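Open the model in your viewer and keep the sequence panel visible. The tour goes from one selection to the next.

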Amino acid sequence: MKHVRIFVIILTLMALLGLMVLANGYSYVQEYGPGIVNWGSNVKYGGALREVMPWGPQTLNFNPFVPTNLPTHAIYEPLFYVNMLNGDITNLLGTSYRFEDNNLKLIITTRSNVKWSDGKPFTAQDVAFTFNYIKEYPAIDGYGIWSKISGVQSVEASGANTVIFTFSKPNVALFPFIASQPIVPEHIWANIKDPSTYTNPDPIGTGPFLLKSFSPDKVVLVKNPDYWMKGRPYIDKVDVTYVVSNTTAYLYMLRHDADWSFLFAPDPVKTFVDKDPSVNKIWWPTYSVNALVFNTQKYPFDNPIFRRAISIAIDKNKLEREVYFGTGGYNPNQAGLIPTQYDWMDPSLEATNNYLNTYNPQEAQKLLASIGFVKNSSGQLVGPDGKVVPPIQLVVCAGCTDFISMGNIIASELSQLGLTVNVAQQSGGTYMGSITTGTYDMVIYWGIGGGPTPYYEYYTNLNPAFSAPKLGEPVISDISRYTNPIITEALKEYSQTTDLTVQKQAIYKIERVFLDELPYIALTNRTNFNIYNESMITGFPSDQYPYSSGGSPGAAIGLGSSDLLMTLLNVHLK
């Protein structure tokens with residue numbers, strides 16, 4: 001399933017930089033940080049990484065400011081890589097950062113002795129240009145750097161290696177967005193007057209690979225001989241083949257005609273790993289949740305007790321068992337937290353979370369009755385106005401077999417309450433249009449957040465700056481259209497400090513309101529879908545080596561968009 005993620009997830013600003021050795025035995029390279037694994041002196045160089053991706057024919061577009069399915073992030077680099085799974089920070093074009101002046105200034109030091117692939121030197125001026133260029137063309141501000149709530153006042157270069165971000169109000173939580181923005185060369189892009197539509201056919205970057213050739217079904221990258229990171233990349237070439245379906249891509253992997261794919265496969269341990277366990281591997285780390293989102297501006301979903309009744313009428317463990325075969329783990333957290341965030345959960349809310357997570361259709365019926373919703377003699381649910389609740393449209397993305405399966409199970413379970421639920425499959429643009437304009441009743445959606453802290457999930461999904469007051473008016477990312485002044489104030493409290501205690505108290509406030517109001521339900525944990533064949537190439541991210549969050553190797557916009565870059569800097573011949 002394709003992902004276009006504008007906002008998602010976040011780091012903890014308390015992540016340690018430098019040399020770290022974990023209990024599982026893998027060490028980090030001190031100069032760069034946790035994203036660069038020290039494989040030892042005997043690592044093999046050379047060879048090609050073969051990718052197969054089930055995204056169909058592609059259009060030439062290596063513009064790093066727009067989402068595509070091309071390997072653009074092998075060519076363009078950000079200042080830092082932020083691992084959305086654990087908050088680790090890896091130094092790339094930036095070598096250090098610090099907040100000063102009561103968090104009103106962010107000072108970033110940029111790397112020396114870096115060249116663009118056309119031989120021109122990279123400097124801090126390129127960084128300042130990139131951010132000011134985004135300000136000039138708001139359509140390419142996919143990270144919200146200059147949004148009306150960011151507080152960024154100016155971005156200026158000071159000398160060859162310093163960039164100063166000045167804020168009108170503290171916003172330390174914006175750092176990962178700043179860190180993740182791909183940097184472009186001023187001497188090229190200053191001449192591009194419509195960057196939102198420019199296809200960038202001859203990309204010039206600082207990254208480890210160069211574009212050799214493009215066709216709709218194949219992209220070939222070759223190693224950048226002048227790449228700044230000593231000894232990286234190990235491989236000489238990246239060969240990406242685009243096919244039309246998950247099934248076709250899966251056959252490539254089963255035949256060992258490719259080394260890496262990113263696709264949803266049913267029961268992947270049985271159908272792939274067990275076929276050749278010595279080399280067939282999967283890594284499906286949990287980074288978010290799949291959510292059933294309510295349109296809280298529509299009746300009857302404007303009632304929080306109605307929403308809570310829906311939650312306990314859905315068997316979430318059945319969804320995980322029958323759709324994902326247990327790969328994402330069971331019992332999703334109803335505050336939207338993923339396992340790596342559980343230390344951010346208010347312990348006093350555990351009983352409430354368990355209540356909302358437990359399948360109990362009888363209790364759901366009692367909740368509905370408490371607000372005047374009861375079944376008539378025909379078994380239909382009737383509201384307090386005496387009218388049968390109209391059929392509910394549950395929107396899912398067409399072709400998303402996992403969401404379609406979940407939708408059908410949910411429709412069956414809610415029928416026990418006397419509700420009629422119609423699962424509506426909508427193709428890409430229609431699906432996203434329904435979500436942003438609020439024409440749906442309920443929708444199954446994947447873009448709900450993630451990362452080491454819950455802040456960015458709540459920031460993205462509950463911030464009034466990203467919402468809309470009326471149906472039909474498009475939202476940016478608050479697709480439930482739910483806001484609450486207590487949550488808004490808590491988001492502000494979190495963003496203005498690096499004090500972990502203060503941040504946790506802010507999150508606890510949000511969790512309490514969220515679990516009371518429940519604008520969306522966590523159906524299952526959301527994983528990435530990496531499938532590897534390690535017969536020739538190894539060093540992919542895994543539970544043992546979680547140097548990246550394992551996101552899609554396409555050119556997404558958002559935190560985790562440089563996951564491809566980190567993989568290409570670490571994989572090597574077996």
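Start by selecting F62, which is buried, with a relative accessible area of 0%. The model is a predicted one.

Next, add F214, which at 26% relative accessibility counts as partly exposed. The ring centres of F62 and F214 are 6.5 Å apart and the planes stand at 85°, so this pair is edge-to-face. Trace the chain between the two: F62 is in the loop between β3 (48-53) and β4 (80-82), while F214 is in strand β10 (residues 209-215), 152 residues apart.

Now select F264 and W284. Is F264 buried or exposed? With a relative accessible area of 10%, F264 is buried, since the limit for that class is under 20%. W284, at 7% relative accessibility, is also counted as buried. Turn the view until both rings can be seen: the centres of F264 and W284 are 6.2 Å apart and the planes are at 40°, so the pair is tilted. F264 belongs to the loop between β13 (260-262) and α5 (268-271), and W284 to the loop between β14 (280-283) and β15 (286-294); the two are 20 residues apart.

The count of aromatic pairs comes to 44. For a group of rings, select Y143, F177, W344, Y455, Y456, Y459, F466 and Y494, which form one aromatic cluster. Keep W344 on screen and add K504: K504 lies over the face of W344, at 5.7 Å from the ring centre. Another charge over a ring is found at R255, whose charged end sits over the ring of Y252, 5.4 Å from the ring centre.

Hide the side chains and switch to a cartoon view. In which order do the four strands of the open sheet lie? The order is β6-β7-β9-β8, with antiparallel pairing. Colour β6 (94-100) and β8 (152-157) to mark the edge strands, each of which pairs on one side only. On average, neighbouring strands in this sheet are turned by 15° against each other, direction ignored.

Zoom in on β8 and strand β9 (residues 162-167): the two run antiparallel and five bridges join them. Show V155 here, and opposite V155 you will find F165 in β9.

Finally, select helix α1 (residues 124-136). Helix α1 lies across β7 (105-110), β8 and β9, and runs at about 150° to β8.

Notes: Residues numbered from 1 in each chain as written. Predicted model: local features only at pLDDT ≥ 70, side-chain atom pairs only at ≥ 80, totals over all residues. Heavy atoms only, no water. Pairing = 2+ DSSP bridges. Axes fitted to C-alpha atoms, helices over the stretch in contact; angles between N-to-C directions. Contact = heavy atoms within 4.5 Å. Phe/Tyr/Trp six-rings, centres within 6.5 Å; stacked < 30°, edge-to-face > 60°. Buried < 20%, exposed > 50% of the residue type's maximum accessible area, 1.4 Å probe, protein only. Lys NZ or Arg CZ within 6 Å of the ring centre and 35° of its normal.
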